[in-house]
Each structure stands twice: as structure tokens, then as C-alpha cells.
Amino acid sequence: MQASVSDAPLKATPQLEALLAKLRSRLGRLAALQGLGVFLAVSSAWLAFSFVADWALHVPRGVRWFHLAVCIVAPLAALWRMGLRPWFARPSRTELALLVERSDPQAHELYVSAVQLQQAPPADAHPELVERVLRAAELRAGRASLAGVLDPAVPRKLFGLGVTAALALFLAARTWPEHASIFVARLLGADQPWPQLTTLELALGAGMEQVELERTPTGVLARLPRGSDAPIVVRAQGVRPREVRLHLDASSSFQLSPSPDGAFRTVLRALDRDLTLHATGGDDRDRAPTLTLIVLEPPDVAEIAVRIEPPAYSGLPARIESAGDVEVLAGSRVEIALLPSPAEAVGVLRLLPQDQLLELTPRPLPRSSETAAPAPLGLGVELVATQSFRYRIELRDAQGLSNPDPGLFAVQVRRDERPSAEWLAPARNEIESLSRGVLRLLARVDDDFGVAGAQWRARRTGAESEPAWSDLELREPPPAAAGGAGANSLQARLVGARAELARLEPGARELAPGDQFEIELRAYDARPGPADGEFDEAGVGAATTLRVRIVSEDDFLRRLQDRLGRVRAQVSDLEALARERLRRTSELLRVLESEAGESSAAAGLVSGQRRVQGDLDALARELASAVENVLYARLDEAADAALADLDARLAQSTARSFPIEAWRAFAQAVRTAQVSAPGVPGQLTALLERALTLSAEHSPRAVSELERAAGSVDSSVVHGALSEALAAQQAVHAGLNELLEQLADWDNFQAVLTLTRDILTRQKTVRDRTKDASGADTRSERK
């Protein structure tokens, strides 16, 4: 069936014609509603936007003309696009029939066929068939409904939106007629101002009362010194805005914080250029009034120099600092001098926290000896620094301007600290010894400005008289030992003595078990005292008091046995730890050999071996302390040669750390019979040599190899390092087992020695009683 371009009325089917006409009418109404709704909505929205923009921003006339043009063009374009264009483009009868058939699928193109047979019938159409189609279409059109053909929801919603927007705009105009009339006038090009609810005023804040203000056509002008702070206050008249911004220039502004009194405040720090300020907030956008700040050049400090002359006893040279902040020794003479700008400015020095004013008098600016130029004349003041203080330099020029930020400088006074004294030997503060024993006293004395002397004394506990102090010779420490004095120590000295306990109190009774001594050490620095030849008591430093207790041989041996018992328990625990470390290393080595495991697992063994190393170091120190205690107590007088050798070796070591090399050399000398140490000292030295070998050789090698294994990714390197570490750990474990056996032998030796001493003691008692009885018989016979 061919379509025809004609759209003539359907005379043969009036019911169908009426149905299509009704549908066409509905389409026209919906297009009109949609166009009118969009027209009203766009017009209302743009007018509302234009009003808000103009009311809030006070836009210029050109922008308002643009708003007017958009207000005319945009609604008309929307009306044409959404209303007129769809209305003129309503479908033909054939297209209307197709719309009806979409809502009636049972029609099977009956309406379309009826329309096309009437408007463009084919030449070979059979009259009876045509009549039959037209009759069927007519009958069906009489029963047809248009309820589901069109969806009127969208056009109706758009129309409702437009009407609502227009009604809201109308009600707003009726509510605020003044604003509406001003808006319309401004939209049409008039420059009628908006009514202002908020008026902002700018002023200088507190502390600026002495500043003279000048009135200008646009506001106020003030002149301030360069670098001064300008407190700014913005006060709102009328409605207080929630936010106020202070504008420094066209591109810089910031928000002000509200104050409890309703004003907005800020402080412009260190003014360095002229500024013209205005504030905006609320509906005050007219950039008036303004506050103009003119910056003037105030007096300032062009150069400052501080000459410091330390006290003569310190030995420090005088120096000149070019900074205002300095650190000086207490009692130093300090001269603060400056060059003012301009040169004719005068001023005072304000000391804080005393708030004391010192007048700056003319004086040459101190210069270093390297400077050949003559010293210029400036201002200054001189004082003696006994305590820390701060100061400000306040200047004033001929115009009455003062430096706005004088700056705060500090003179930090460092006290001459007391000398510090530290015992290097003996290692313990509580000492137990025999009456025939000796003491090796060695101390380190540090002071920041020199040690003048050191003294020591031994005082018997409970003695009524105070013993006299004895002077000690000050010695220079070796370079390695001097380096440990600290960054602030300028001088370190060593003092020492070798004292026999029996001669600590000349002329006193013989020492007996239970006697106690307190050994004191004090050092003096070079600070002069109140009188010539005296030391200042504030410059006396003391070391920790050593306490020496005299015990009997039995008590000494009993305590030594208890001490070695604790050492044996310590070795036993250490052996268990070393065995565990050895097992884990062996397991890891087997895993690497069989499965090529990760080398990173070796990192977990390092910390465990380091713990073994630390325990071995502690064990070596404990055994060395026991050997030293036995030798210096002179338990066995046959070992005096060993005592002399050890004393000479330890005298060469003045560091705070454990002198492991000196002890290893001594132990080797005893083992090779270069030094005679029979009895208890020799056995203890053998134990010590074993512990030193483990601590200084085998265990460090195990730690080093484990660290190498943990830091390598090469499996061959890891395997080799673990093998070496395993061998070192096996040596440590074997050495600990041998040490345990030696300690067990020591227990047996001590048991036999104790039993022998008991037998000798009993024999001595029987012999004494026999002598007493024999003497009594002789006296009776004589009578």
C-alpha cells in the first residue's frame, strides 16, 4: 500500500475522523501547556538569579543588560523549543492512526489502512474489500478509547512548575515591593542603589591612640613607623554580618574573627609598605570607607656587637660576637654596643625580667683585631653578667619615632659547674678485704675550666676525730681516655694512690674483722674563693664514698664461695642458652643444605647470639672482679708477685670500659708461669682466662658470621657463614661445659680446704689448751 502526501478529511469514516481529530486536539493542548510552563519556569528562574546576583554583588550596568537580554531570549527560545515547535509539528492523520493502533494492538493496522484507502486509494483496489475495511474501521473507531495513547504527565508537570515559579516570584515581589521596583529599574539600566542593611567602619585598635589621623574624601589616613604592628578594628552598624573580610589590595584579603563585643579585629604585623584597607561584609560591598596606612622609616639598629671578657681564672680569651644572643661564663664583663640608624638617634637598654633601664652612652663599636677599619662611634653600655637576662634596645629619633620592634635578645649565663669525680678503680663502692689487703685507688676528675687540686682521706667508721686530707697528684689522661670527657669538658685529670689497709690510720690499733672505713675524694676547680689562697666552696666536687669492710679469712672465703656459686648458676643458665642457639643454627644449616631455604631466617639467630655475647661479657667481668678482690685482699701472700703484675697492668688502663686486654695478658702470664699465682688466685685466674677466651674470641666470631649470613643473598655465602658460626658456637658451648667442670672442681677444692681449716683450727685449740694445762702444773710444782 503506497502512502499519499495528502491529508484530506475522512468522509467515508466519520467516527474515525472524529477519533483522530480528538487526538490531534489533545496533542496541541499538551504542547501549549508544555511550552507555557517552560516559558514561565525559565523566566522566573533567570529573574530570581539576576535579582540575587545584583542584590548580593551589586553587578555593573553591563552585566545587568546582559541579564535583561538573557531574560528575554532564553524564555522565548524555551517557548519555541518546547511549545510552538511541537504544536506546528503535530502528526498527520496516518501518523495519528498509527498512534491509536499502538495503544490497540488488536486493530492490526486497520486504522492506518482505512486512512490510506481514503486519501490515496490504489488503482487495482477491489471495491468490496475496500468497503469491508472501511466499515470495520468505522465500527472499531466508535468503540475505541484514547486513554492510553498519550502521556500528559510531563507537560502537566512542566506547566505546574512554571506556574508555581511565576506565582512564587509574584508573591516575592508583592512582599518586597521596594526591592522589586529597584531590581526592575536596575535591570532596565538605572543606577538606583540597593537599600543597605549593614555599614562597616574601619579604625585603628588599642595602643594606637597617639597616632594622628587625617580625614580624606574616602576615609582616614594614618602614619606609622616601618615594622610596627597595626591593630585593625571593624565595627558593623545595623545588621551584624556573620563574616567580614579585610581587603589589603585588589588581590589580597582575609577573614576577620569576631570579638565578644561584636567588633571584628586583627593585627597587621611588621608593616613594610603603604596600604589602603577596606572591609566587606553582609551587604556592604561599596569599598568605603577606607583606612590608608602610610609607612615611615623608624630608627633601627644597623649593627650590633657584644664584647665578652671572661673571668681571668677561666683562661678564656676575650671575644666579640656580632649577634645579640650570647652565652657567657658567670662573672664575665659584657659590653653591648650598636650603631643606630640614623646616627643621631638615642636610646636605652631595657633589662628583663627586672624591667630596668640603662642609658646607652656614646662609645666606639668593638671590632676584632683582624679588622683594619677604625671603629665607628655608636651607643653602648657595659655590665657584669652574674645571672641570665634578656634585653631590648629601644631607640628614638629626632622626629619622635621609636623602633616598633626592638627585638628581644638573651644573655645566657653559664655557671662554672663543680668538678666531677668518678672512681675508675675499684669497680665497686662496697669492698670487703682482709686486714693485710691493699687498695688500688684511681679516679677521673673533669672540670670545664681546669682542676686546681684533689685530695682524699680514709675515715674509720665511729672514730671521734676527723682525719686530715691528703693531696693527690694530678696526671694527664691518655688521649683515648681524655676523649670520653664529653663535649663540654675542657680539662680532665687522673688521680690515684695505692693504699695498704693496715696503714690507713697511722698509729691506730691493729685492724680487726668488723672494722669499716669510708674513703672520700674531693676535687677543686680554679675558681677563686672569697680570700686569696682559698678555693670557692661552690667549686668543690666529690666522688661517691667508698666503703671498705675488714673481714676474717673464713668469712672472706665463705663469701667468695657464695659468689662463685652464683657464677656457677650463671654459667649453667648460659650453657643452656648457648645449647639452644647451637641447636637452632644446626637446624637452619640442615634446612639450607636440603631445601635451599631462605637466608633471611639467619637474621633471627643474630639477636640470640648477641644475648649470649652479653652474658659472656658479664661473666668475664664477674670473674675478673673476683680475681681482683682476692689478689688485693692478699688472701695468699705467696701471690704478691701476681698482685704486683696485675696492679701494673691495670694502672696503664684509665678508661671507663672493662680493660679486657690487660686481663687477658695477665691471665696468659699466670698460665705460662711468667707470674706466680699459687692457690686460690691461680685457680680463679684459670676460670677467668676460659671466660675471656669465650667472650673475646669465639662468641664475637659467631656473631660476626651470623650477621654476614643475614646480610647476604648468596646461598653459598650464607652456607659458609653459618658453618663458621656453628663452629664458633660449638666452641662456646664446649668452653662453657669445661668452665662448669672447673667450677665443680673448685667446689670440691673448697670443701677440702674448709675441712682442712677446721682440722687446723681444732688442733690449734687443743695445742693452746695443752700449753695452758702444762703451765698450770709447772706453777703448782714450784709452789
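**Group meeting: two helices, a sheet and the confidence scores**

Helix 1 and helix 2 are roughly antiparallel to each other. That follows because their packing angle is about 165°, and angles over 145 count as roughly antiparallel. Before I go on, note that this is a predicted model.

Staying with this pair, helix 1 covers residues 14–57 and helix 2 covers residues 61–88, and their axes lie 7 Å apart. The crossing of the two is right-handed. Sorted by class, the residues in the contact of helix 1 with helix 2 are 19 nonpolar, seven polar and two charged.

Next, the sheet. It is an open sheet of four strands, paired antiparallel, in the order 1-4-8-7. Which strands are at the edges? Strand 1 (198–204) and strand 7 (257–258), each of which pairs on one side only. Inside that order, strand 4, residues 230–238, runs antiparallel to strand 8, residues 264–268, and five bridges join them. If you want a place to look, find alanine 230, which stands opposite leucine 268 in strand 8.

Last, confidence. The average pLDDT for the chain is 81, and 87% of the residues score at least 70. Where is confidence lowest, and where is it highest? The lowest mean, 54, belongs to helix 8 (residues 479–482), while strand 20 (residues 409–414) is highest, at 92. Residues 1–5 have a pLDDT below 50, and that stretch makes six contacts in the model beyond near neighbours in sequence. Residues 483–489 also stay under 50, with eight contacts beyond four places in sequence.

That is the end of my part.

Notes: Residues numbered from 1 in each chain as written. Predicted model: local features only at pLDDT ≥ 70, side-chain atom pairs only at ≥ 80, totals over all residues. Heavy atoms only, no water. Axes fitted to C-alpha atoms, helices over the stretch in contact; angles between N-to-C directions. Parallel < 35°, antiparallel > 145°, perpendicular 65-115°, else oblique. Left-handed = near helix turned anticlockwise from the far one by under 90°. Nonpolar A, V, L, I, M, F, W, Y, C, P; charged D, E, K, R; others polar. Pairing = 2+ DSSP bridges. pLDDT = per-residue confidence, 0-100. Contact = heavy atoms within 4.5 Å.
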